[in-house]
Amino acid sequence: MAGRPPPPVPEPAPAAQAAQEPTAPSPEHREGDVPPWPLWTVPAAIVLGLGLGTVATIMVEVIGALGGSRLGHPAPAVSIAGDIVFDLSFVAAAVYFARLSPGGSLADFGFRRVALRRGVGAVILAVLAYYILTAVYAALVHLHGKDKLPSELGVSHSTAALVGAAVFVCAVAPICEELFFRGFVFGALRHLRIRVAGRHLGVWVAAALTGILFGAVHLSSAPVQYLVPLGFLGFVLCVVRWRTGSLYPCIALHSANNALALGVNELGWNAGEIAALILGAWVVVGLVTGPLGARSPRLT
């Protein structure tokens with residue numbers, strides 16, 4: 001006698017079927033885009049970075065004084081070394097708190113390769129936005145003056161001081177500041193959950209706060225009226241970081257902007273010399289940071 005056919009299996013209801021199917025992550029929560037370190041690590045890293053940087057800078061100046069430098073007016077080499085260890089202190093603070101969060105990686109800082117077309121396109125749009133709005137701001141407030149840092153580093157004193165200052169301003173500072181602000185701070189602030197009229201604005205609020213912090217840290221080296229364009233630069237760099245998913249375009253833009261400012265405002269170089277400075281800085285940046293993203297997946 002033939003057995004009965006098995007009863008038909010009912011199809012899942014639409015709600016249950018939707019629950020079984022994996023949903024694509026929202027743009028704000030792409031894999032590796034929002035790092036695992038929480039919001040509280042931002043003020044903690046700033047405090048730790050300031051503390052470490054202050055102590056390290058004092059130690060460098062004391063060591064320099066033993067070699068003949070003056071504590072109140074350190075030699076260019078001592079000033080450059082002090083600025084380097086100060087920036088590295090913030091990198092150390094960011095890495096320390098990132099390591100406290102399980103699952104963190106270099107990719108979470110943004111050390112991920114990005115398609116050339118995507119990166120260049122984002123940088124071009126950022127450059128246009130930044131320089132156009134800066135030009136409007138400069139015309140409205142009659143912007144004048146220049147960054148005090150290059151002269152403090154002795155760029156006009158000797159060739160050695162010029163080379164050291166150029167390496168710091170155009171390569172070391174962009175790497176350290178982008179890692180800390182766009183890689184660490186902006187990433188943590190993106191955990192903010194802010195919605196207006198049903199739209200998620202956490203990214204924009206995080207970019208604005210990061211831009212304000214970025215401008216504020218330049219208070220000691222730039223005139224007060226320059227803090228607004230610096231804050232806006234920090235904001236557009238966050239947008240580049242968000243749109244590309246990578247820190248490399250941010251470092252490249254930051255490096256080129258610093259090289260342009262150094263070459264035009266401080267050295268009075270021509271276009272060819274400034275272009276060579278930018279390319280040289282990019283080579284140094286690539287040698288230092290390229291291996292950090294070598295094993296990360298490419299973003300298309």
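Start by selecting G268: this glycine comes right after helix α10, and its phi is positive, near 65°. Bear in mind as you click around that this is a predicted model.

Now step back into α10 itself, residues 248-267. Put a distance between its first and last C-alpha and you should get 27 Å for the 20 residues, close to the 28 Å expected at 1.5 Å a residue.

Next stop, helix α7, residues 159-189: select R182 and E178, which sit four residues apart there, about one turn of the helix. Show their side chains and you'll find them meeting in a salt bridge, with 2.7 Å from N to O. Side chains of opposite charge can pair when their charged atoms come close. How many salt bridges does the count come to? Just one by the rule used here, a Lys or Arg side-chain nitrogen within 4 Å of an Asp or Glu carboxyl oxygen.

While those two are still selected, are they buried or exposed? R182 has a relative accessible area of 0%, so it counts as buried. E178 is buried too, because its relative accessible area is 0%.

Last, head for the surface and select L116, V120, I124, L125, L128, I132, V136, L140 and V141. Together these residues make a nonpolar surface patch of about 880 Å². Zoom in on V136, one of the patch residues, which you'll find in helix α5, residues 116-141. Why is V136 labelled partly exposed? Its relative accessibility is 44%, and that label covers values between 20% and 50%.

Terms used: Residues numbered from 1 in each chain as written. Predicted model: local features only at pLDDT ≥ 70, side-chain atom pairs only at ≥ 80, totals over all residues. Heavy atoms only, no water. Patch = residues over 30% accessible without salt bridge, like charges linked within 9 Å, V, L, I, M, F, W, Y side chains within 5 Å. Areas by Shrake-Rupley, 256 points an atom, 1.4 Å probe, with all protein chains shown as cover. Helix = DSSP H or I, 4+ residues; strand = E, 2+ residues; numbered from the N terminus. Buried < 20%, exposed > 50% of the residue type's maximum accessible area, 1.4 Å probe, protein only. Expected span 1.5 Å × (residues − 1).
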